[in-house]
Amino acid sequence: MSLSRNGRAIRRRLVQTVPVVILATFIVFALLKLVPGDVAVTLAGDNASEQRIAEIRALYGLDRPFLVQYLGWLGNAVQGDLSRSLLSSEAVRDSIARAFPNTLLLVVMALVLALVIGIPLGVIAASRRDGWLDRAFMAFASVGVAVPNFWLGMLLVSTFALRLNWFPATGAVPLSVDPGSALAHAFLPALALAAGGVAEVMRQLRASLVEILSSQHVRTLHAKGLSPAAILWRHGLKNVSVNLLTVIGLLFNRLLAATVVVEAVFAIPGMGGLVVNAALNRDFPVVQGVVLVMVLVVVAVNLLTDILYSTFDPRVR
Amino acid sequence: MSAPAPAALPPSLPRLVLNWLRQDKRGALGLGFLLLLALISVLAPWIAPYSPTEQDFSAIFAPPSADHWLGADDLGRDTLSRLIDGGRASLYASFLAVGISALIGVPVGLIAGYLGGWVDEMISRVIDSFLSFPAIVLAIAVTGALGIGLTNGMIAVGIVFAPQLARLVRARTLVVRNELYVDSVRCFGAPTPQILWRHVLPNTIQPVIVQITLLLAAALLAEASLSFLGLGIQPPDASWGSMLARAYQNMEIAPEQMYPPGIMILLTALAFNLLGESLREALDPTMKGH
């Protein structure tokens, strides 16, 4: 019974996702409409030959109606053809396939760091509510939210890579080639990325723990003589772990955004470098390809966390 | 000075503000810092020791001294003067971006929440899909399309932030539109734009003010990111983000150059956030005690 209801909730969620994905692809394609002037002429760049302009016109089918252009582009994208770079004429799909693993490693590592650092700090803050540790941790969280990730990255590079030589300063190594070196390369950028995430996890965890610990139910357990540690562990954290899922979904989106700038600091050949270079040179197929892949990843992760949420949380089920 | 008001009347706005600032030191601290920054930005031409673009080749990478309080950069330009000038650009950029997102987001949210039905359904799906994009990545793409530069970059950030405001305003409007006073003006035949502007908007404004303050911090960080990447402000003009980009290029020769702009971005974003959180507690009574 409950399983079928859960199945229905999941199906409803899947159905809701469809229009979001379609609209997202439309937004990605419509970016082209923001290019001022004659799109083909602008994208071809200065001193472009007539032939080059004609090529770009044909690439997007710019002489056809907008909706036809969009459907043509979407049809290709669905088949995995994201067109070719206007600069290097490499297939956009190949560039993304090479860059994405580097970005994913950073984001996942930052997520893990945010949870590993943020959860204990949040629990300590909540269990010593309004004490000096709580205040200090919350002040730390305020700074974590406001600090520019890429500046933190610069501080980390100059201290731990250039001065102390503990970590490599720049670059990335694929996880499949040398896992140890890959993690060493990813550690500092992931740490720089994680600052805001640590703060977010701490705040959310503290807020929901404080709410649960001050509830009637927990007060009764206190009166029954259960130790505070047991209450925190068995009744606080168990309830809170579900809320953390939502935070993870949210964080993933933020980390994917912040990584773009952090990658620049550490010269990591990821999605960030790809999209920034493409935007600087108006290499539009690459811009659209990267943005499309990123938004699809975010939608998929949000869908996954929502499904897990509805599976684990009895209230939703 | 006006005559003292009878006790039964609600306290005047200045008094309310004073009370709020007295009770919440975070708000006072954030607002004070931001006002000081605004004052420095306005007075920049008169108080900056040098022109922000004046190059002095004898001062390249000069360490902090009596002549150059914060040292000088790779072209011998005075860091303090550039910091003051860059603050102007950064603040202008933040307000421009958030202004644009309010201009788009508030009307869209009002219309979706007030009209309801399929209009609301459609607008809500569009908002959902915009919010699925990692913000900076979409802003980079929009800047790439419009053409690089500070104003285009901030238009992009404004477009990307607008759905957040739209969602907030929509949610508030859904509540307000069913209130008795809105029903009654509707019965008197007031036109919809007038109902929205005069009766619904004022009652959604408090959370919007809070969100705008928090978005200013996010816009400041977005400007710094875009300018750091070379998509925002263009040389010889400076913003805090572009100063960090230069400091990054010279990190091995003059690492101290990255501290002033980084610290200013951190403090300013912190001030906007403190102000926003303090406003949230002051304006929303249910938040008291959190």
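What distance should the 15 residues of helix α5 (residues 117-131) of chain B span, and how far apart are its end C-alpha atoms? At 1.5 Å a residue (times one less than the number of residues), the expected span is 21 Å, and the end C-alpha atoms are 21 Å apart, so the two agree. This is a predicted model, in which local features need pLDDT of at least 70, side-chain atom pairs count only at pLDDT 80 or more, and totals for chains, interfaces and linings use all residues. Residues are numbered from 1 along each chain as its sequence is written, while chains are lettered from A and ligands numbered from 1 in the order in which they are written.

Staying with α5(B), its buried residues (20 or more other C-beta atoms within 10 Å of their own, with C-beta atoms placed from the backbone; exposed means 12 or fewer, partly exposed in between) are B:I123, B:I127, B:S129 and B:F130. They sit on the same side of α5(B) because they cover an arc (directions from the helix axis to the C-beta atoms) of only 165° around the axis. Turned away from that buried side is a face with the exposed residues B:G117, B:W118 and B:E121.

Now for chain A. It has 12 helices and zero strands (DSSP runs of H or I, at least four residues, and of E, at least two, numbered from the N terminus). Of its 317 residues, 39% are buried.

Where the chains meet, the contact (C-beta atoms, placed from the backbone, within 7 Å) takes 39 residues from chain A and 41 residues from chain B. On the side of chain A that touches chain B, α10(A) gives the largest share, seven residues.

Terms used:
Contact = placed C-beta atoms within 7 Å.
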